[in-house]
Structure formats: C-alpha cells, structure tokens
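I opened the notebook to look up side-chain contacts between charged groups and between rings. The entries are in the order in which I made them.

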Amino acid sequence: MADSKDAAHQPAMSDLLQAHPVATLLIDGQGTIVEANQAAEALFNRARAALIDRPAGSVIIWREGEGLSRMLAEPGKSVWAYSVELSIHADSNLFADIALGPINPAGGWRVMAIHPVPKGGRMPFRRPGSAARSAGAAAAMLAHEIKNPLSGIRGAAQLLGKGSDANASALSRLICGEVDRIAGLIDSMQGFTRDQALSRTSINIYPAIGQSRGIAAQGFANGARFIEEFDPSLPRVLGNHDALVQILINLIKNACEAASDISKLQIRIATAYRHGLSWDAGDGRGHQPLPVEIMVADNGPGVPDHLVDALFDPFVTGKKDGQGLGLALVDKLVRDMGGVVQHDRTAGWTRFRLHLPVAVDPPAESNE
C-alpha cells in the first residue's frame, strides 16, 4: 500500500492520468495498479474498478517471455519496450509500445503508458523456412539465367544502332534502356535471395549518414532542404557500413520520389539514444536492447493509407513507375544487422526510425 505522502499526491496524479489520451496506468511499489485512465478502460475493455487493485501482470499479459516482470524489476529507471505482443482480452491480442517511468523512486511508484501500434508501424522479424529458402535459390538461379540473354540483346541492339538512321538509333537506345531497366530490377530482386549472414562489426554511424546524404544531395535530392539533429555522444553500433549507407539512401530517395516539388521538401535526419528500448526477434533470446535510433523524416505526402499494412513488402508501391523494392530492402538490411525499422506519420511528417544494437566492446574512439 502507498504511504500517506503518496496518497496525498494521488488525486492530482489521477487528474493528470485521466487527461492523458494514451492508455495509462499508475502502479505502486508492489506492482499493483492503483489508477487507470479512460483510455486504459477503452483499451482493456474493462471498467476502472476492474483494473485497480489488481497486479499489473494479471492485466498486461505478454504473449512471450517475462518482459513485464523485467520492466518492473527496476523501479528507479525509465524503460521502453517496442512492438510487444499483448493478450488484452481472452480472444484478442495486439502489438503495443510500452513506456514505464518512475514518479516516486523511493516508493517504487511508476506510470505506464501503453500505445497500440498499427500493423504498418510494427516490423516483425520474418524468419523464412526451408520452403522459402528453396524458392529464394530458385529465384536466384532464374535471375542469373535471365541476365545472360539480356547481355546479348543489349550488345546486338548497340551494333544495330551503329551507322543506322535516326529512327533505328532511337529504337536501339530504347532497347538498351529497357534491358538496363530489367537488369536493374533483377539486381534488386537478387538482394532478397541471398541467405548468407551480413558481416557486422563495430561502426560509427555518422560516416554512413554523411556519405548517404552527400550522395543524395548531389543527385536525386538536389534542391531538398536537409535538417540534421544529431546526438554526438552515441556509442558505436554493431552493424555494416555499406548496408547502412544503402538503407539511408533508399529512405531519402523514397521521400524525394514521393514529393511533388523537391524545392519544398524537407528531410530531417536525427539520432538519439533510447534508454530501455528493446525488441524480441522471436529467436528465444528474449528482448534485445536496440537503443541507438536513426530517424529519417520528411514533410512529403506520406504513404497512402491502403498501403500502410504492406509497406515493407516487396513489389508494394504507390508510385506510378515504382518497383516496390526500396523499402523492402531497407527492412531486410536492418533486420540483417539485428535491428528493426518502424514507420509512423504524425503532424504532417513521415518518419522512418532505425533501431540498432550497440557494439558489445566499443573502442575508446569518439563517435563525433
């Protein structure tokens, strides 16, 4: 039970909780729910009286592991867990982001916010089975066999175009252009068929950010305004420099291609350290910390609502001439680095957040 000092502050805290639009619970030092706001009542489909005076673990049921117990075990710390699968009702599950913060460290009181995540906002780790690997191997073989005759077609078209009239030369260029387009599509597809593990080392994220921005600014993002909000104290991450460059280029290019006027496009690249952020890859290791965040945001039109649920699936695109492979490759490369990518859109900004693991033994070198 709470002491008299805690009780004296409870009415004011209750007023704050009720005004909060996100499902929020007040939990005492024994892990018991002592207050719940209206948003929590709606989320759990229970009246306030059915929520308070109950152990938090009997209401917030994690589908796997003992994540809530671990969160409650550190009363003096703020802890986040992203894309947690919860059993809300007997026949209803949902994915949610959970934030737990201390409000009275001495007494162990915490406030917990539970924010449901839409399907397009959570990026599950997909673990292909043997059938998927066999299909991938077949796709890789088919891609190889297609590219061989494409090379011959391109060479023949170039020979036909030499010394011909203007119409024949134009047709030759058209054939070469279409061959190059198909070959580029096959190259992109082959990125999804490679089953070997991505090489990961301790890397500084800022050279990759600088390289990707420089490439973009000199080409497809020329004219866009870049805004940088960096945390210079971030530790090194366990990742792959080339993969991170490709990820960031794809995200920036995606924003540029969706913009109707590149001169009005703003692209924000921000970094931050998210204490307590973790992710369960479903590999039996439980929630792994992914505290380093790289955010790429833009003020463009955003993703059409009907595509949000399949945003990171291959060949899903809202662009007239899009192939639907850029974001799918982003998702794959981030997962190959042991991280996760999430998408959201609020206040006119589309945000892609990369959450990456910290290198186990970071060197003393600064990450500035």
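The notes below cover salt bridges, then aromatic rings, then charges over rings.

Entry 1, the model. I noted before starting that this is a predicted model.

Entry 2, salt bridges overall. I searched the whole structure and got nine salt bridges. I then went through several of the pairs one by one.

Entry 3, Arg-353 and Glu-293. I found a salt bridge between these two, with the closest N and O atoms 3.3 Å apart. The pair links distant parts of the chain, 60 residues apart: Arg-353 belongs to strand E15 (residues 349-356) and Glu-293 to strand E13 (residues 292-298). I checked the accessibility of both and found Arg-353 buried, and Glu-293 buried too.

Entry 4, Arg-353 again. I looked up what else Arg-353 touches and found a salt bridge with Asp-344, where the closest N and O atoms are 3.2 Å apart. Asp-344 has 23% relative accessibility, so I put it down as partly exposed, the class that begins where buried (under 20%) ends. I then traced the connections outward. Arg-353, Asp-344 and Glu-293 belong to a network of salt bridges that also takes in Arg-274 and Arg-351.

Entry 5, Asp-336 and Lys-332. I recorded a salt bridge between these side chains, 2.8 Å from N to O. Both residues lie in helix H10 (residues 326-336), and because they are four residues apart there, about one helical turn separates them. Lys-332 is buried, at a relative accessible area of 12%. Asp-336 comes out at 26% relative accessibility and is therefore partly exposed.

Entry 6, aromatic rings. I ran the search for aromatic pairs over the whole structure and it returned one. The rings are those of Tyr-206 and Phe-230, with 5.1 Å between centres and 50° between planes, which I entered as tilted. Tyr-206 is in helix H8 (residues 205-217) and Phe-230 in the loop between strand E8 (225-229) and strand E9 (237-239), so the pair ties together parts 24 residues apart in sequence. I compared the burial classes as well: Tyr-206 is buried, with a relative accessible area of 13%, whereas Phe-230 is partly exposed at 32% relative accessibility.

Entry 7, charges over rings. Which ring has the charged end of Arg-268 over it? I found that of Trp-349, with the charged end 5.4 Å from the ring centre. I also noted Lys-253 over the face of Phe-220, at 6.0 Å from the ring centre.

How values were computed
Residues numbered from 1 in each chain as written. Predicted model: local features only at pLDDT ≥ 70, side-chain atom pairs only at ≥ 80, totals over all residues. Heavy atoms only, no water. Helix = DSSP H or I, 4+ residues; strand = E, 2+ residues; numbered from the N terminus. Buried < 20%, exposed > 50% of the residue type's maximum accessible area, 1.4 Å probe, protein only. Phe/Tyr/Trp six-rings, centres within 6.5 Å; stacked < 30°, edge-to-face > 60°. Lys NZ or Arg CZ within 6 Å of the ring centre and 35° of its normal.
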